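Me: Could you take a close look at the salt bridges here and walk me through them? Please carry on into the parts of the fold that they touch, with distances and accessibilities where you have them.

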Amino acid sequence: MASKVAVVGANGRMGSLIARIVEQEPGLELVASMNSSSSLEEMLAADLVVDVTRPDVSADVVEFAVQHGRKVLVGTSGWSAERIQGLSGALAAAPEAGVIIIPNFSLGSVLATRLSMVASRFYDSIEILEAHHAGKVDSPSGTAVRTAELMAKARSRSRGPVEAPHIDQLARGQQVAGIPVHSLRLHGVVARQEVIFGGTGELLSVVHDTISPAAYEQGIRLALAALPDAVGVTVGLEHLLDLGALTADEA
């Protein structure tokens, strides 16, 4: 029997892509295509809920879905470590509940973040430059936030905070986990992230470019396949892949 899926935010770029993939997958059935202003009760026709709305809407969608026993896949930006910690606490009282949060469905983006975690242990000067299409409403991107948080975690055991001079100046970007992040919103861009590491006499850059939304399709399928068996809160596509020694817990 096919799993019934509701996509909340189906009118957006990512939502329309996910809805199309759900319709193509033989084990899934799209039963609700909702937007951010739809009645949340529409999702009750589904077994699985995909949230790709806005940061100010996402938390309510997830809370409603979990309270009604639905597994949730979150592709909305804005889920910081603090917000995720609160969600994990809420799910502790519901042992069968499951939420998968994916800051970026691109396999290349996941690998770039893993590589940045490794490099972060060897450099004290680190900044992130991220660019997305002009219609993206949030900044920094969820991917940049996740990358900064994971690099800070990787450094915490050996090096401590990065060097970020003149952070009182607005042009120095927004600090995320102590790392400056600079956001561009431009026509003609899909998504790009560059993590720049400065050392004595050298620079190292880890760059990932999304050329087309097709880059997200494999990750979306992986996440949808894992959703029915999800328990607790899972953050990041890396946990659905075999990355060997580059897992977050071993950084």
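Reply: There are twelve salt bridges in this structure, which is a predicted model. Let's take three of them in turn.

In one of them, Arg20 pairs with Glu217, and their closest N and O atoms are 3.1 Å apart. Arg20 belongs to helix α1 (residues 13-24) and Glu217 to helix α6 (residues 217-226), so this contact ties together parts that are 197 residues apart in sequence. Arg20 has a relative accessibility of 35% and so counts as partly exposed, since that class runs between the 20% limit for buried and the 50% limit for exposed.

The next one joins Arg155 and Asp124, with 3.0 Å between the closest N and O atoms. Here the arginine comes from helix α5 (residues 142-155) and the aspartate from the loop between α4 and β6, so the pair ties together parts 31 residues apart in sequence. The two partners fall into separate accessibility classes: Arg155 is buried, with a relative accessible area of 1%, while Asp124 is partly exposed at 24%.

In a third, Arg192 meets Asp209, the closest N and O atoms being 2.6 Å apart. This one runs from strand β9, which holds Arg192, to strand β10 (residues 202-210), which holds Asp209, and the two residues are 17 apart along the chain. Arg192 is partly exposed, with 33% relative accessible area, and Asp209 is partly exposed too, at 37%. As for shared partners, salt bridges join Arg20, Glu25, Glu217 and Arg221 into one network.

Now to the strands that these contacts lead to. Strand β9, the home of Arg192, runs antiparallel to β6, and eight bridges join the two. Strand β6 (residues 125-133) also pairs with β8 (residues 179-186), this time in parallel, through six bridges. Leu129 shows both pairings: its bridge partner in β9 is Glu194, and it stands opposite His182 in β8. Further along β6, His132 has Arg185 as its bridge partner in β8.

Strand β8 has another neighbour in β7 (residues 174-176), which runs antiparallel to it and is joined to it by three bridges. Val176 has Ile179 of β8 as its bridge partner. These two strands form a hairpin with two residues between them, and there Ala177 takes a positive phi near 55°.

Past the end of β9, Thr200 is found in the loop that leads to β10. Thr200 is exposed, with a relative accessible area of 84%. Its C-alpha atom is separated by 9.9 Å from that of Ser125, although the two residues are 75 apart along the chain.

The rings add something to this picture. A search of the whole structure turns up one aromatic pair. Its members are Tyr123 and Phe197, with 5.7 Å from centre to centre and 45° between the planes, a tilted arrangement. Tilted is the right word because planes under 30 degrees apart would count as stacked and planes over 60 as edge-to-face. Tyr123 sits in the loop between α4 (107-120) and β6, Phe197 in strand β9 (residues 191-199), so to speak a link between distant parts of the chain, 74 residues apart. Both rings belong to buried residues. The loop of Tyr123 is also where Asp124 of the salt bridge with Arg155 lies.

One more arginine deserves a mention, this time for its contact with a ring: Arg83 lies over the face of Trp79, at 4.9 Å from the ring centre.

Finally, a look at helix α3 (residues 81-91), whose buried residues are Ile84, Leu87 and Leu91. Seen down the axis of α3, they fall within an arc of 60°, so they line one face of the helix. The general reason is that an α-helix has 3.6 residues a turn, so residues three or four places apart point the same way. The face of α3 turned away from the buried side carries the exposed residues Glu82, Gln85 and Ala90. What covers the buried residues of α3 includes helix α2 (55-67) together with strands β5 (98-101) and β11 (232-235).

Terms used: Residues numbered from 1 in each chain as written. Predicted model: local features only at pLDDT ≥ 70, side-chain atom pairs only at ≥ 80, totals over all residues. Heavy atoms only, no water. Buried < 20%, exposed > 50% of the residue type's maximum accessible area, 1.4 Å probe, protein only. Helix = DSSP H or I, 4+ residues; strand = E, 2+ residues; numbered from the N terminus. Arc of directions from axis to C-beta. Contact = heavy atoms within 4.5 Å. Pairing = 2+ DSSP bridges. Phe/Tyr/Trp six-rings, centres within 6.5 Å; stacked < 30°, edge-to-face > 60°. Lys NZ or Arg CZ within 6 Å of the ring centre and 35° of its normal. Salt bridge = Lys/Arg side-chain N within 4 Å of Asp/Glu carboxyl O.
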